[in-house]
Amino acid sequence: PSPSLIPSPSASLTLCIPPSTCTVPVSSSTHNHITAPQKPSGTRTACITVGHINICSLRNKVPDIRQVLFHNYVDVLAISETWLDDSFSDSLLYIPGYRVYRRDRLAARGGGVCFYVRDDLSTKIVHRSSDVELLS
């Protein structure tokens with residue numbers, strides 16, 4: 001069974017973690033000469049490191065998020081108050097070694113949620129609300 005993680009009241013993400021993940025060495029991926037972090041032991045444990053940030057606009061803070069992810073070995077980072085809209089493409093949110101899932105507020109300024117999830121974790125969105133900033 002998959003653990004259900006609810007990092008903040010406004011967002012949720014269900015992670016499906018295969019049992020083999022517990023002993024598989026953590027792989028690193030590269031892009032633009034930046035290497036994704038490895039946990040100090042070099043192997044993944046059954047635990048997942050999850051963090052949450054209320055960012056008050058992600059637009060100019062992607063480099064800061066990269067530092068948080070890489071220096072703290074975070075597996076899943078939930079971000080609230082992204083203040084993004086469809087004029088800001090996913091490619092501008094790219095961080096090596098992570099996938100990004102996002103739900104922007106469509107009707108007004110502000111709001112929005114997103115998740116950065118390590119590439120080596122098996123994940124899927126099981127629900128995306130059209131009227132609430134919710135990913136699950």
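**Strand S6 and its salt bridges**

Modeller: Take strand S6: Val 76, Ala 78 and Ser 80 point one way, Leu 77 and Ile 79 point the other way, and all of them are buried. Keep in mind that this is a predicted model, where local features need pLDDT of at least 70, side-chain atom pairs need 80 or more, and totals for chains, interfaces and linings use all residues. Residues are numbered from 1 along each chain as its sequence is written, and side-chain values use heavy atoms, with hydrogens and water left out.

Biologist: What makes S6 a strand, and why is it called mostly covered?

Modeller: Strands are DSSP runs of E with at least two residues, helices are runs of H or I with at least four, and both are numbered from the N terminus. S6 spans residues 76–80, and five of its five residues are buried. Buried means under 20% relative accessible area, exposed means over 50%, and partly exposed is in between (1.4 Å probe, protein chains only). As for the two directions, side chains in a regular strand alternate between the two faces of the sheet.

Biologist: How do you know that S5 and S6 pair?

Modeller: DSSP has to find at least two bridges between two strands. S5 (residues 50–54) and S6 share five bridges in the parallel sense, so they pair by that rule. Gly 51 sits opposite Leu 77 of S6. From S5 the chain crosses through helix H1 (residues 62–72) to S6, and this β-α-β crossover is right-handed. Right-handed here means that, with the strands pointing away from you, the path from the first strand over the helix to the second runs clockwise.

Biologist: And which strand does S6 run antiparallel to?

Modeller: That's S8 (residues 113–118), joined to S6 by five bridges. Leu 77 has Tyr 116 as its bridge partner there.

Biologist: Why is Asp 85 with Arg 59 called a salt bridge?

Modeller: The term asks for a side-chain nitrogen of Lys or Arg within 4 Å of a carboxyl oxygen of Asp or Glu. The closest N and O atoms of Asp 85 and Arg 59 are 3.1 Å apart, so the pair qualifies. It links distant parts of the chain, 26 residues apart: Asp 85 is in the loop between S6 and strand S7 (98–103), and Arg 59 is in the loop between S5 and H1. The whole structure has five salt bridges.

Biologist: What makes Arg 102 buried or exposed, and what about its partner Asp 90?

Modeller: Arg 102 has 11% relative accessibility, so it counts as buried. Asp 90 has 41%, so it counts as partly exposed. Their closest N and O atoms are 2.9 Å apart, in a salt bridge. Arg 102 lies in S7 and Asp 90 in the loop between S6 and S7, so the pair ties together parts 12 residues apart in sequence.

Biologist: How do you know that Arg 99 and Asp 119 meet in a salt bridge?

Modeller: The N to O distance is 3.7 Å, so this pair passes too. Arg 99 is in S7 and Asp 119 in the segment after S8, 20 residues apart. Salt bridges that share partners also join Asp 90, Arg 102 and Asp 104 into one network.

Biologist: What confidence does S6 have?

Modeller: Its mean pLDDT (the predictor's confidence in each residue, from 0 to 100) is 94, the highest among the elements, while S3 (residues 30–31) has the lowest, 34. The protein averages 72, with 59% of residues scoring at least 70. Where pLDDT is low, the predicted coordinates should not be read in detail.
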